[in-house]
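Work through the exercises below with the sequence and the 3D view open. Try each task before you read its solution.

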Amino acid sequence: MKYDFTSIMDRRGKDAIAVDALGAPGFAPGAPKEGFDAIPMWVADMNFPTVPTIPEAIIARARHPAYGYFSPTEEYFASIIRWHETRNGVTGLTKECIGYENGVLGGVVSALNIFCSRGDNVLLHSPTYIGFTHSLENNGYNIVHSPLVKDENNVWRMDFEDMEKKIVDNRVHAAVFCSPHNPCGRVWERWELERAMELYKKHDVMVVSDEIWSDILLGGHRHIPTQSVSEDARSRTVAVYAPSKTFNLAGLVGSYHIIYNPVLRDRVEKEASLSHYNSMNVLSMHALLGAYRPEGYEWVDELCQVLTANVDFACDFIARRFEGVEVSRPQGTYMLFLDCTRWCEAHGKSIEALQRAGWDVGVAWQDGRPFHGPCHIRMNLALPLSRVQEAFRRLDEYVFNA
């Protein structure tokens, strides 16, 4: 491969909660016992060096010793338009439809604030990304969960009958949609998106579509933007994106929305402006420009090949060696969502004890319960394959088959 996905980065002391937060109070995994190094497999960032054009762009801009007020450049908007045309087949996207968001979750909340009143019910699928839970509850919204269900092929699917019942019974008029889905890793098919959006149209439900994972596609799957499935979907949906998951830029902060409906766009931009904090960082703009160069396209293609191999290895290992652990092979993202119910029952162990056993040997995986997985663990596979292999060797020897 042209780019480096095999080197093991030492992230200690480099502003990475993935390693520096281990053992700290709160939601981080416990620190490993003596004799084991930490393998970060929890927080959703990657343990690969990003495409070199990003630090090159940041350094080139940083050499000029003035960092005052600025406006995003024409090339910023053109880069986003090219990216979506090339990777997602989007047509008709213009500069006017693109707006900065100080984080995808900030964009979600700004959109909900114009769709809803405090105390309103908002539909989400479960399992549910923990960031949705925190941001919606903190802003006074009630979450109504429609559980995803696994089909006969172990693929997570939307339950459209349950969705409609929840919408009607709870007078829901706003939904937060996750595409691809975190933590289940589903890349929705066109018919699924069409059916969901028809349901939202039928009951006049406005939609915020979080598509931050849209570049992380495994095994040849293709992302279909929610807004692209119909004219009505284009009009009723606020979509939020960022290069942060794709290129490991979360620490720089720089997301954006795509809103075709001019009335929604004006209202979202007004809502986002009220705090006076929704302003772009000049270096994050140059990071996006570095990411969306031709080298970035190549890098993402290689990344997806690497992540597909990691997922194949992990899922095959689980099927062979971890009896009682169930996982639906993700189609996108780099996360596994392990259902450990049968293993815990068979071994008389709690999910807390199982998680701790992994943490003790340096496998820093994440408690799945805040994601509404009652006996689940979320596991990040965005590491060099050698680290993934070592993590599973430890889990095999010291945890699941000890």
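The exercises that follow use a predicted model.

**Exercise 1. Find which residues have the most contacts inside the largest nonpolar core.**

Step 1. The largest nonpolar core has 102 residues.
Step 2. Those with the most contacts inside it are Tyr76, Leu112, Phe115, Phe247, Leu338, Leu354 and Trp365.
Step 3. Helix α12, residues 294-321, gives the most to this core: twelve residues.
Step 4. A second, separate core has 23 residues, including Val172, Ala175, Val205 and Val207.

**Exercise 2. Classify the ring pair Trp83 and Tyr297 as stacked, tilted or edge-to-face.**

Step 1. The ring centres lie 4.5 Å apart.
Step 2. The planes make 55°. Stacked needs under 30 degrees and edge-to-face over 60.
Step 3. The pair is therefore tilted.
Step 4. Now place the rings. Trp83 is in helix α3 (residues 74-88) and Tyr297 is in helix α12, 214 residues apart.
Step 5. Check burial; the cut-off is under 20% relative accessible area. Trp83 is buried because its value is 1%. Tyr297 is buried too, at 16%.
Step 6. Look around Trp83. Arg87 lies over its face, 5.1 Å from the ring centre. Both Trp83 and Tyr297 belong to one aromatic cluster, with Phe5, Phe48, Phe247, Tyr292 and Trp299.

**Exercise 3. Do the same for Phe313 and Phe392, then decide whether each is buried or partly exposed.**

Step 1. The centres are 6.0 Å apart and the planes stand at 90°, so this pair is edge-to-face.
Step 2. Phe313 sits in helix α12, and Phe392 in helix α15 (residues 385-400). They are 79 residues apart.
Step 3. Phe313 has 22% relative accessible area, so Phe313 is partly exposed.
Step 4. Phe392 has 0%, so Phe392 is buried.

**Exercise 4. Trace the open sheet of three strands and find its edges.**

Step 1. The strand order is β11-β14-β13, with antiparallel pairing.
Step 2. β11 (335-339) and β13 (366-367) each pair on one side only, which makes them the edge strands.
Step 3. β13 joins β14 (residues 376-380) over two bridges. Asp367 has Ile377 in β14 as its bridge partner.
Step 4. Helix α14 (residues 351-360) packs on the sheet and touches β13 and β14. Its direction makes about 25° with that of β14.

**Exercise 5. Describe strand β2 and its pairing with β10.**

Step 1. From β2 (residues 98-101), Ile98 and Tyr100 point one way. Gly99 and Glu101 point the other way. All are buried.
Step 2. Four bridges join β2 to β10 (residues 255-258), and the two run antiparallel.
Step 3. Tyr100 stands opposite Tyr256 in β10.

Conventions
Residues numbered from 1 in each chain as written. Predicted model: local features only at pLDDT ≥ 70, side-chain atom pairs only at ≥ 80, totals over all residues. Heavy atoms only, no water. Core = buried A, V, L, I, M, F, W, Y, C linked by side-chain atoms within 4.5 Å. Buried < 20%, exposed > 50% of the residue type's maximum accessible area, 1.4 Å probe, protein only. Pairing = 2+ DSSP bridges. Contact = heavy atoms within 4.5 Å. Axes fitted to C-alpha atoms, helices over the stretch in contact; angles between N-to-C directions. Phe/Tyr/Trp six-rings, centres within 6.5 Å; stacked < 30°, edge-to-face > 60°. Lys NZ or Arg CZ within 6 Å of the ring centre and 35° of its normal.
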